[in-house]
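Here's a quick briefing for anyone opening this structure for the first time. Take a look at the model, then follow the notes below.

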Amino acid sequence: MREGREIPSLLAISARRLCGGAGGLGSWARSLPAGTAIQLREKDLERSDLIRLGRTLRTAFDGVLIVNGDLEVALACGADGVHLPSDAPWREVGAHVHQRGLLLGVSTHSPTELEAASETGAHYALFGPVFDSPDKRRFGPAQGLERLRRAVRVGLPVVAVGGVDAGNAASIARAGAHGVAAIRAFVDRRTAVDLKAAWTGAAGTITPLEASDPEAQ
């Protein structure tokens, strides 16, 4: 993992369609609360367009920048990590990501996938959808908090995704997640600030015992 870059606890996933197009992503990145990481995830774009967007984000934003699915784009724009979808060849691509000293994240939807991610050497895993989300419905119904608790017990840092907002951030923290990721909750600065406040306020008060024991909650 690149020196000085930590596993994100607040991860804003890009969606240029909600930010006024590609030209709005730089302003969006500058509006994010301090300490928020970005995952560049624009799957419909060609590599050259992704590199341009990545460089725009790298210029506008000094936090952790992670590129979805493409190591070459990550290297070309000076990103800090690569995030692989659940159907990617984790071992093959992950080995190259590790060789470059970059952060490696993967998307998971079950404890079995989390165990495989851990064996692959992923630094963290997205897990979800925890709550209902229009952007995640194609991955199946919401997992819920109990499945999130079971996912956390695998031992890999888990970043919860799917329907995350300020109203449920505390329950995610109590379930033991390392962090939260979202698209819509980070589009508007006000909701992003609210999410950060809810997450940091809750995460700072949860003990390991409370995170592992539902009865303690």
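What covers the buried residues of helix 6? The cover includes helix 5, strand 6, strand 7 and helix 7 (169-174). Keep in mind that this is a predicted model. Let's start with the overall picture and then come back to that helix.

**The big picture**

- The protein's secondary structure adds up to nine helices and eight strands.
- Of the 217 residues in the protein, 49% are buried.
- Take the contacts between residues at least 6 apart in sequence: 54% of them join residues at least 24 apart.

**The barrel**

- Eight strands close into a barrel, going round in the order 1-2-3-4-5-6-7-8, and their pairing is parallel. On average, neighbouring strands of this sheet are turned by 25° against each other, direction ignored.
- Strand 1 (residues 10-13) and strand 8 (residues 179-182) run parallel and are joined by three bridges. Here Leu11 sits opposite Ala181 of strand 8.
- Strand 1 also pairs with strand 2, again in the parallel sense and over three bridges. For Leu11, the bridge partner in strand 2 is Ala37.
- Strand 3 and strand 4 are a parallel pair with three bridges, and Ile66 has Gly81 as its bridge partner in strand 4.
- In general, strands of a sheet pair through backbone hydrogen bonds, in either a parallel or an antiparallel way.

**Strands covered on both faces**

- Strand 2 (residues 37-40) is covered on both faces. Ala37 and Gln39 lie on one side, Ile38 and Leu40 lie on the other, and all are buried.
- Strand 4 (residues 81-84) has Gly81 and His83 pointing one way and Val82 and Leu84 pointing the other way, with all of them buried.

**A closer look at Leu65**

- You'll find Leu65 in strand 3 (residues 65-68).
- Is Leu65 buried or exposed? Its relative accessible area is 0%, so Leu65 counts as buried.
- Leu65 and Ile38 are 27 residues apart along the chain, yet their C-alpha atoms are separated by 5.0 Å.
- If you leave aside its neighbours within four places in sequence, Leu65 is in contact with Ile38, Gly54, Leu57, Arg58, Cys77, Ala79, Asp80 and Gly81.

**Helix 5 and its two sides**

- Helix 5 (residues 111-120) has Leu114, Ala117 and Thr120 buried. Those three are on the same side of helix 5 because they cover an arc of only 120° around the axis.
- Over on the other side of helix 5, Thr112 and Glu119 are exposed.
- As background, an α-helix has 3.6 residues a turn, so residues three or four places apart point the same way.
- The buried residues of helix 5 have a cover that includes helix 4 (90-99), strand 5 (103-108), strand 6 (124-127), helix 6 (144-152) and strand 7 (158-161).
- Right after helix 5 comes Gly121, which has a positive phi, near 95°.

**Where helix 4 meets helix 5**

- The axes of helix 4 and helix 5 come within 10 Å and cross at roughly 40°. That angle is why helix 4 is oblique to helix 5.
- This crossing of helix 4 and helix 5 is right-handed. Helix 4 makes the contact with Trp90, Arg91 and His98, while helix 5 brings Glu113, Ala116, Ala117, Glu119 and Thr120.
- So Glu119 turns up twice: it is exposed, and it also takes part in the contact with helix 4.

**Back to helix 6, and the loop before it**

- Helix 6 has Leu148, Arg149, Ala151 and Val152 buried. Why are they on the same side of helix 6? They cover an arc of only 160° around the axis, which puts them there together.
- To return to the opening point, helix 5 and helix 7 are both part of what covers these residues.
- The loop between strand 6 and helix 6 holds Pro129. The peptide bond from Gly128 to Pro129 is cis, with omega near 0°.

Definitions and conventions: Residues are numbered from 1 along each chain as its sequence is written. This is a predicted model: local features need pLDDT of at least 70, side-chain atom pairs count only at pLDDT 80 or more; totals for chains, interfaces and linings use all residues. Side-chain values use heavy atoms; hydrogens and water are left out. Buried means under 20% relative accessible area, exposed over 50%, partly exposed in between (1.4 Å probe, protein chains only). Helices (H or I, at least four residues) and strands (E, at least two) are DSSP runs, numbered from the N terminus. The arc is that of the directions from the helix axis to the C-beta atoms. Contact means heavy atoms within 4.5 Å. Two strands pair if DSSP finds at least two bridges between them. Axes are lines fitted to C-alpha atoms, for helices over the stretch in contact, and angles run from 0 to 180 degrees between N-to-C directions. Angles under 35 degrees count as roughly parallel, over 145 as roughly antiparallel, 65 to 115 as roughly perpendicular and the rest as oblique. A crossing is left-handed if the near helix is turned anticlockwise from the far one by less than a right angle, and right-handed if clockwise.
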